[in-house]
Amino acid sequence: MAESLITCRGVDKKFATKGGVVDVLHDINFHIPRGSLTIIFGPSGSGKTTLMNVISGLEPPSKGNLIIDGHDLYSMDADRRSHFRAQTMGIVHQQNYWIKSLNVLENVAIPLYLGGKDRKSARLIATESLDRVGMKDFAERLPTVLSGGQQQRVSMARALAAGKELILADEPTGNLDSKSGDMIINLLLSIQKDLKRTVVLVTHNIEYLPLSDKQLYVHDGYLAEATKGEKMPEEILNSLKSQIESLTQMQGGRG
Ligand SMILES: Nc1ncnc2c1ncn2[C@@H]1O[C@H](COP(=O)(O)OP(=O)(O)OP(=O)(O)O)[C@@H](O)[C@H]1O
Ligand SMILES: [Mg+2]
């Protein structure tokens with residue numbers, strides 16, 4: 001078996017709110033092998049983003065450990081953790097965050113400047129990264145004038161540019177039509193296969209499940225997992241089908 005890049009051990013997550021304690025994740029345990037594509041899926045509100053935030057170092061668990069590349073993420077102080085994140089992880093959000101006055105190329109180059117690259121080499125790397133996602137011709141545009149799918153590709157170029165080993169994407173296709181969504185997923189696959197990065201993707205789209213090496217199903221804050229060639233337990237798939245159907249209807253109703 002491939003070596004694990006991520007190990008999650010006994011993670012609980014509770015939030016203290018005015019209305020009382022919200023118990024979101026319960027005793028979560030899993031490994032993510034280096035170089036794999038893992039999909040985290042499950043119904044809305046089940047705890048996927050919370051889990052992603054625990055993995056990305058943004059949300060300390062109430063209990064348990066998160067080990068990335070041999071480092072215990074939450075035994076680091078906040079400064080070290082944020083440095084470690086910046087070195088290890090490229091993150092693609094559902095919503096895009098841009099510095100609106102800067103063009104696409106500069107937005108992609110920012111993490112490289114922050115990482116200490118000089119302007120010339122940062123711009124060169126950013127250009128290569130934009131080329132990989134088919135957005136080189138848009139380098140001089142402002143990101144906000146691009147379509148949703150184009151912005152997601154730029155966002156992916158930014159996550160990729162600094163050569164980080166771990167790419168985390170929370171619903172990168174959530175706001176896109178199915179064609180643009182498929183393009184983003186194909187890009188993530190090529191990032192994993194050609195660039196040998198480890199990719200963790202949150203998605204509602206069960207059509208993408210067969211593309212992954214590992215599937216983590218979050219349901220009411222509990223986790224079930226399957227690896228490629230192994231089937232999810234039938235009862236999970238069945239409950240999933242009706243959840244996905246009602247979700248699709250909800251989204252259709254909203255749009
Ligand atoms: N900071 C917080 N304080 C209190 N409750 C929270 C907080 N963050 C998340 N929750 C609760 O935790 C639960 C899981 O939320 P989360 O965002 O992880 O779900 P999700 O699976 O990502 O849902 P979606 O598919 O809609 O994005 C929800 O009930 C949410 O209200
Ligand atoms: Mg979410």
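This tour moves from the whole chain to one helix and then to a sheet.

The model is predicted, so that local features need pLDDT of at least 70 and side-chain atom pairs count only at pLDDT 80 or more, while totals for chains, interfaces and linings use all residues. Residues are numbered from 1 along each chain as its sequence is written, and chains are lettered from A and ligands numbered from 1 in the order in which they are written.

Begin with the whole protein, which has seven helices and ten strands (DSSP runs numbered from the N terminus, helices being H or I of at least four residues and strands E of at least two). Of its 255 residues, 36% are buried, meaning that 20 or more other C-beta atoms, placed from the backbone, lie within 10 Å of the residue's own.

Next select residues 48-55, helix α1, where seven of the eight residues are buried; among them are Lys48, Leu51 and Ile55. Just after α1, Gly57 has a positive phi of about 85 degrees.

Now colour the open sheet of six strands, ordered β6-β7-β8-β3-β9-β10 with mixed pairing, where two strands pair if DSSP finds at least two bridges between them. Its edge strands are β6 (89-92) and β10 (222-227), each of which pairs on one side only.

Within the sheet, select β3 (residues 37-41) and β8 (residues 198-202), which pair in the parallel sense over four bridges, with Thr38 opposite Val200 in β8. Finally, add helix α6 (residues 178-195), which packs on the sheet and touches β3, β7 (166-170) and β8, contact being counted when C-beta atoms, placed from the backbone, lie within 7 Å.

Technical notes. Buried ≥ 20, exposed ≤ 12 C-beta atoms within 10 Å, placed from the backbone. Contact = placed C-beta atoms within 7 Å. Axes fitted to C-alpha atoms, helices over the stretch in contact; angles between N-to-C directions.
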